Amino acid sequence: MRVQSKRHARIARLLGINHFVLAVNKMDLVEFDRGVFDRIHADFAELLKGAELHAIPMSALLGDNVITTSDRTPWFTGPSLLEYLETVEVDRSLVHKPFRFPVQLVSRPNHTFRGYAGQIESGSIQVGDGVTSWPGGRPAVVKRIVTWDGDLDMAFAPMSVTLELDRELDISRGDILTMGEPGISTRFEAEMVWMDERPLDPNRVYVMKHMTRSTPAEIDRPMELNQIGTVVVTASRPVVFDPYADNRFTGCFIIVDPATNFTSGAGMIGQAVRERRESGASGAAERLAQLARAAGSDAEAIEAIRKALEEMLT
């Protein structure tokens, strides 16, 4: 098994994929030897422990087990690749998860209307439902569900809507409306993939993009290109999230290098980590937190952090 295949399989497993189809191609080169197929199947089964794995011996050149089953693999009794893909059961449980609505835009077309526009990432919402705005934790009731085609009584993931609440709250882009309490912390553990040729430097501050919010953050350990590992992320502002295993939309993030705007890493959130107490000089994110909090918007916060970093490095 190639290193690349192992890496891709591990990344897919980290992404929460629990059902895999293993297409073992070019079986014609080994004369459809069942022993070769079984060894490859066993290697992947060991790598993907806990996941459901369906292996299919194939020859794309000759069409064996691609659309229909092949006479050259009488020892294989499963369906062809196309038949399996057309009949596999797909998880459609997104609507049944807790309601999560990251605010993308505060809509004020006139002085009588204040709505919060965005896409429902999970769950459903009805007029009259109680919601909570995070990170502030302020409650409200949904007054209207507004769309281009008119008002709705109910909406669900992945619809894009505008919600009008029964009271005005101090909500801006990056906040999130929920039903049920999410996790909230400035520090959390995550599984991360590093994709930048420039190694991760724990002494630098990066920009973490999580849902509709960008936040300065630091990461506790170095990483090299294509490395996968567990890290602790410390953000300058509270991050509202669900563990990736529970909700892949609110549990994922990317890391951007503020000096190059390159997407350097991608991560899956595990759990919150207890706040760090430091007796001496604080970490880089803590030192820059005041700049971020004083900014009037996420864009201003990122620009302030960028200028501070330039001053530090020159």
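Hi everyone. Before anything else, one term: a strand here is a DSSP run of E with at least two residues, and strands are numbered from the N terminus. With that in hand, please look at strand E1, which gives five residues to the lining of the second largest pocket, the most of any element. I should also say that this is a predicted model.

Let's stay with that pocket for a moment. The second largest pocket holds about 410 Å³ of space. It has 16 lining residues, and those closest to its centre are Met1, Arg2, Ser5, Ile40 and Phe44. Which elements supply at least two residues each to this lining? They are helix H1, residues 3-14, strand E1, residues 19-24, and helix H2, residues 34-47. By class, twelve of the lining residues are nonpolar, two are polar and two are charged.

Now to the barrel. Six strands form a closed barrel in the order E13-E16-E15-E14-E17-E18, and their pairing is antiparallel. On average, neighbouring strands of this sheet are turned by 40° against each other, ignoring direction. Helix H1, which we met at the pocket, packs on this sheet and touches strand E13 (183-194), E16 and strand E18 (262-272). The direction of H1 makes about 30° with that of E16.

Let's zoom in on one pair in the barrel. E14 and E15 are antiparallel and share five bridges. If you want a place to look, find Tyr206, which stands opposite Ala217 in E15.

Strand E15 spans residues 213-219, and Ser214 is found there. Is Ser214 buried or exposed? Ser214 counts as buried, because its relative accessibility is 12% and the cut-off for buried is under 20%. Setting aside neighbours within four places in sequence, Ser214 is in contact with Val207, Met208, Lys209, Asp298 and Ile302.

Another residue to find is Asp257, in strand E17, residues 252-257. Asp257 has a relative accessible area of 1%, so it is buried too. Tyr206 turns up again here: not counting residues up to four places away in sequence, Asp257 touches Asp196, Arg198, Arg204, Tyr206, Phe262 and Ser264.

Next, enclosed space. How many cavities of 30 Å³ or more are there? The count comes to one. The largest cavity has about 90 Å³ of space. Its lining includes Trp134, Pro135, Met208, His210 and Arg213. Strand E14 (206-210), E15 and strand E16 (228-241) each give two or more residues to that lining. E16 gives the most, with three. Sorted by class, the lining of the largest cavity has eight nonpolar residues, three polar and one charged.

One last stop, at strand E5, residues 115-119. This strand is mostly covered, with four of its five residues buried. E5 has pairings with two strands I'd like to show you. Strand E4, residues 105-107, runs antiparallel to E5 and is joined to it by three bridges; there, Val106 has Tyr116 as its bridge partner in E5. E5 also pairs with strand E11, residues 160-165, in the antiparallel sense over five bridges. In that pairing, Gly118 stands opposite Val161 in E11.

To wrap up, if you open the model later, start with H1. This helix supplies at least two residues to the lining of the second largest pocket, and it also packs on the barrel sheet. From there, go to E15, which holds Ser214 and gives two or more residues to the lining of the largest cavity. Thanks for listening!

Conventions
Residues are numbered from 1 along each chain as its sequence is written. This is a predicted model: local features need pLDDT of at least 70, side-chain atom pairs count only at pLDDT 80 or more; totals for chains, interfaces and linings use all residues. Side-chain values use heavy atoms; hydrogens and water are left out. On a 1 Å grid over the protein atoms alone, a cavity is a set of points where a 1.4 Å probe fits but cannot get out, and a pocket is an open set with protein on both sides within 12 Å along at least five of seven lines; lining residues have an atom within 4 Å of a point. Grid points are joined across faces, edges and corners, and a volume is the space filled by probe spheres set on the points. Ala, Val, Leu, Ile, Met, Phe, Trp, Tyr, Cys and Pro count as nonpolar, Asp, Glu, Lys and Arg as charged, and the others, Gly among them, as polar. Buried means under 20% relative accessible area, exposed over 50%, partly exposed in between (1.4 Å probe, protein chains only). Contact means heavy atoms within 4.5 Å. Two strands pair if DSSP finds at least two bridges between them. Axes are lines fitted to C-alpha atoms, for helices over the stretch in contact, and angles run from 0 to 180 degrees between N-to-C directions.
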